[in-house]
Amino acid sequence: MLQDYKKHCEEREKQSIPPLPLSAQQTSDLVELLKAEHKESELLLELLRERVPAGVDQAAYVKAGFLADITTGEASSPYISKKEAVMILGTMLGGYNIQPLIKCLESDELGEEAATALSKTLLIFDAFNEVLALSETNKNAKTVIDAWAEGLWFKEKRKSISFCWRCGGNWFIAKICN
């Protein structure tokens, strides 16, 4: 898998285009490589962090499942601790990472990390009600609800956001500063 993906990257680079994200099968193969010692561990971690699509893609499902299993101790990697697994789950924007993060809110070991991750995640859909109910008895869930109410996700975003669009054959660029 790793050699094939490197070859794919080289081919795409010759065309001046970025490599495609990992497929579900490639992500599954990557997960297996991450479970044991590997001489290219840095590359494997970069692929997991940067080349698996976020959200509800099947590859994201595989990634979130692996990271969730690390948080519960059902899987392990010499390169990813439980806290690092929570941090990586927090970068997935929503989708398959939400339930594992909510479960981690209840963990003494991982609750604060999960709260930090969920505080900056908006694409949670119906899980909002679950976090809200949990916030009545769980300080980490309360932290998340408070962060959402304060708009922490927005306040910690970049100082400016640039947009470009095409209209009538012309390109326009706008920059919004907060």
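**Figure 1. Helix H4, from one end to the other.** In this predicted model, helix H4 covers residues 58-72. How far apart should the ends of H4 be, if each residue adds 1.5 Å? With 15 residues the helix should span 21 Å, and its end C-alpha atoms are indeed 21 Å apart, so expectation and model agree. Now look at the start of H4: a side-chain oxygen of Asp-57 comes to within 2.7 Å of the backbone nitrogen of Ala-59. Just past the other end sits Gly-73, which has a positive phi of about 85°.

**Figure 2. What H4 hides, and what covers it.** Which residues of H4 are buried? They are Ala-59, Ala-60, Lys-63, Ala-64, Phe-66, Leu-67, Ala-68, Ile-70 and Thr-71. Notice that Lys-63 is on that list, along with Phe-66 and Leu-67. The cover over these buried residues includes four other helices: H2 (24-34), H3 (41-50), H5 (82-89) and H6 (98-105). Keep H2, H5 and H6 in mind, since they come back in the views below.

**Figure 3. H2 and H4 side by side.** Here the axes of H2 and H4 are 7 Å apart, and the two helices pack at an angle of about 20°. Angles under 35 degrees count as roughly parallel, so H2 is roughly parallel to H4. On the H2 side, the contact is made by Ala-24, Thr-27, Ser-28, Val-31 and Leu-34. Their partners on H4 are Gln-58, Ala-59, Val-62, Lys-63 and Phe-66. As for handedness, H2 passes H4 in a right-handed crossing.

**Figure 4. Leu-22, a loop residue tucked inside.** Leu-22 belongs to the loop between helix H1 (2-14) and H2. Is Leu-22 buried or exposed? Its relative accessibility is 2%, so Leu-22 counts as buried; the cut-off for buried is under 20%. Try finding what it touches: setting aside residues up to four places away in sequence, Leu-22 meets Met-1, Tyr-5, Thr-27, Leu-30, Leu-47, Arg-51, Val-52, Pro-53 and Ala-59. Ala-59 is one of the buried residues of H4. Another of those, Ala-60, is 38 residues away from Leu-22 along the chain, yet their C-alpha atoms are separated by 9.4 Å.

**Figure 5. Leu-89 in helix H5.** Leu-89 is part of H5, and with a relative accessible area of 0% it is buried. Who are its neighbours in space? Not counting those within four places in sequence, Leu-89 is in contact with Ala-64, Leu-67, Ala-68, Thr-71, Asn-97, Pro-100 and Leu-101. You have met Ala-64, Leu-67, Ala-68 and Thr-71 already, as buried residues of H4. Pro-100 and Leu-101 are buried residues of H6. Also check the C-alpha atoms of Leu-89 and Leu-118: the two residues are 29 apart along the chain, and these atoms are separated by 9.3 Å.

**Figure 6. Helix H6, wrapped by its neighbours.** Why is H6 described as largely enclosed by the rest of the structure? Because 6 of its 8 residues are buried. The buried ones are Ile-98, Pro-100, Leu-101, Ile-102, Cys-104 and Leu-105. They pack against H4, H5, H7, helix H8 (127-134) and H9.

**Figure 7. H7 meets H9.** The axes of helix H7 (residues 111-119) and helix H9 (residues 139-150) come within 9 Å and cross at roughly 20°. With that angle, H7 and H9 are roughly parallel to each other, and their crossing is right-handed. From H7, the residues that take part are Gly-111, Glu-112, Ala-115, Leu-118 and Ser-119. They meet Lys-139, Asn-140, Thr-143, Val-144, Ala-147 and Trp-148 of H9.

**Figure 8. A closer look at Asn-140.** Asn-140 lies in H9, and its relative accessible area of 9% makes it a buried residue. Leaving out neighbours within four places in sequence, Asn-140 is in contact with Leu-105, Ser-107, Gly-111, Glu-112 and Ala-115. Of these contacts, Leu-105 is a buried residue of H6.

**Figure 9. Phe-154 in helix H10.** Phe-154 sits in H10 (residues 152-155). How accessible is Phe-154? At 42% relative accessibility, it counts as partly exposed. Its C-alpha atom is separated by 8.2 Å from that of Lys-120, a residue 34 places away along the chain.

Methods
Residues numbered from 1 in each chain as written. Predicted model: local features only at pLDDT ≥ 70, side-chain atom pairs only at ≥ 80, totals over all residues. Heavy atoms only, no water. Expected span 1.5 Å × (residues − 1). Buried < 20%, exposed > 50% of the residue type's maximum accessible area, 1.4 Å probe, protein only. Contact = heavy atoms within 4.5 Å. Polar contact = N/O pair within 3.5 Å; in protein donor to acceptor, adjacent residues only side chain to side chain. Axes fitted to C-alpha atoms, helices over the stretch in contact; angles between N-to-C directions. Parallel < 35°, antiparallel > 145°, perpendicular 65-115°, else oblique. Left-handed = near helix turned anticlockwise from the far one by under 90°.
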